[in-house]
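Please find below a colleague's note, set out as numbered points, to be read with the sequence and the structure open alongside.

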Amino acid sequence: MNLKAENITVRAQGVTLVKDASFKLKPGELVALLGPNGAGKTTLLRASLGLSKPAEGHVTLGKDEVQTLSPMQRARRVSYLPQIRPLAWPNTVRDVVALGRYSHGASLGRLKAKDADAVDAAIDACDIAALSHRKTDTLSGGELARVHCARAFAAQAPLLIADEPVAALDPRHQFRVMDLLKKYVRNGQGALVVLHDIALAAKYADRFIWMKDGRIQAQGTPEETLTEERLAQIYGVKSRVDGTKVVIEGAL
């Protein structure tokens, strides 16, 4: 199952937010989408998921145009962790993870055996079994981040798109969440992740997509595309790069 975006352009109120963007996501790879605030990353993700309609271009999930799929059909093919993840009420961790089975027709409190198994597997994968009966409003930021990952994993979709899944987490919890996503990819799924920490992206990603001013500027492996010149172009910062090791020294 591949996701393929071709020549995507998104406009809103006469302003072009994304211009002529193309990329591909496939199982077995972790792709980092990089770029400064306002680069168009979230807008591109939403158009790629069929959550908004592009002015130009098209996206396919497998053999189908993403816009022709129902929300439940899309959710079975690609899980989505948005940048903002509101919870309407402080439910238990297990019930929140079970929401990941909604696209399969499951309902809270009445999970079929296969749905319960998927929820249990996601909880175990994210190491939150000890939290499963806790209310979500009693959790730390790092714990809640793992709960959201488990919710996405429970869908057992072949692809996952996560918008800043480690934002506001301390370094330890950033590594824990990225370890979960890497494990997800090793199990045969594919993940596209928006990140702002270049060093973290270089440690985990198989491929980079660089964005600025609504355009994809470059794509390739960290070894191919992570350079001091690129960081200056994309972020306006001075840096030192040695292979996939990077130190940001300050603004230009």
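The points that follow go from the chain as a whole to its strands and then to two individual residues.

1. The coordinates under discussion are those of a predicted model, and every statement below should be read with that in mind. In this model the chain contains nine helices and 12 strands.

2. On overall dimensions, the radius of gyration of the chain is 18 Å, and because a compact globule of 252 residues would be expected to have a value near 18 Å, the two agree. Taken along the principal axes, the box filled by the C-alpha atoms is roughly 55 × 40 × 35 Å.

3. On burial and contacts, 48% of the 252 residues count as buried, and the chain exposes about 12100 Å², of which carbon and sulfur atoms supply 49%. If one takes the contacts between residues at least 6 apart in sequence, 63% of them join residues that are at least 24 apart.

4. On charge, the chain carries 35 positive and 27 negative side chains, and the centres of these two sets lie 5 Å apart.

5. An open sheet is formed by four strands in the order S2-S1-S4-S5, with antiparallel pairing. Its edges are strand S2 (15–25) and strand S5 (64–65), each of which pairs on one side only. As a general point for inspecting such a sheet, side chains in a regular strand alternate between the two faces.

6. The pairings within this sheet can be followed strand by strand. Strand S1, which spans residues 3–12, pairs with S2 in the antiparallel sense over seven bridges, and Val 10 has Val 18 in S2 as its bridge partner. S1 also pairs with strand S4 (residues 56–61), again in the antiparallel sense, over five bridges, and here the bridge partner of Leu 3 is Leu 61 in S4.

7. S4 in turn pairs with S5 in the antiparallel sense over two bridges, and Asp 64 in S5 is the bridge partner of Leu 61. In the hairpin that S4 and S5 make, two residues lie between the strands, and Gly 62 takes a positive phi near 70°.

8. A hairpin is also formed by S11 and S12, with two residues between them, and Gly 243 in its turn has a positive phi of about 70°. Strand S11 covers residues 237–242 and strand S12 covers residues 245–251, and they pair in the antiparallel sense over six bridges; Arg 240 stands opposite Val 247 in S12.

9. Is Ile 123 buried or exposed? This residue, placed in helix H4 (residues 113–125), has a relative accessibility of 3%, and because the cut-off for burial is under 20%, Ile 123 counts as buried. Leaving aside residues up to four places away in sequence, Ile 123 touches Arg 94, Val 97, Ile 128, Ala 129 and Ser 132. The C-alpha atoms of Ile 123 and Arg 94 are separated by 7.8 Å, although the two residues are 29 residues apart along the chain.

10. Which residues does His 148 touch, once those up to four places away in sequence are not counted? The contacts of His 148, which has its place in helix H5 (residues 141–154), are with Leu 81, Arg 85 and Leu 87. With a relative accessibility of 5%, His 148 counts as buried, since the threshold is under 20%.

How values were computed: Residues numbered from 1 in each chain as written. Predicted model: local features only at pLDDT ≥ 70, side-chain atom pairs only at ≥ 80, totals over all residues. Heavy atoms only, no water. Rg over C-alpha atoms; globule rule 2.2 N^0.38 Å. Buried < 20%, exposed > 50% of the residue type's maximum accessible area, 1.4 Å probe, protein only. Contact = heavy atoms within 4.5 Å. Areas by Shrake-Rupley, 256 points an atom, 1.4 Å probe, with all protein chains shown as cover. Lys, Arg positive; Asp, Glu negative; His and termini not counted. Charge placed at Lys NZ, Arg CZ, Asp CG, Glu CD. Pairing = 2+ DSSP bridges.
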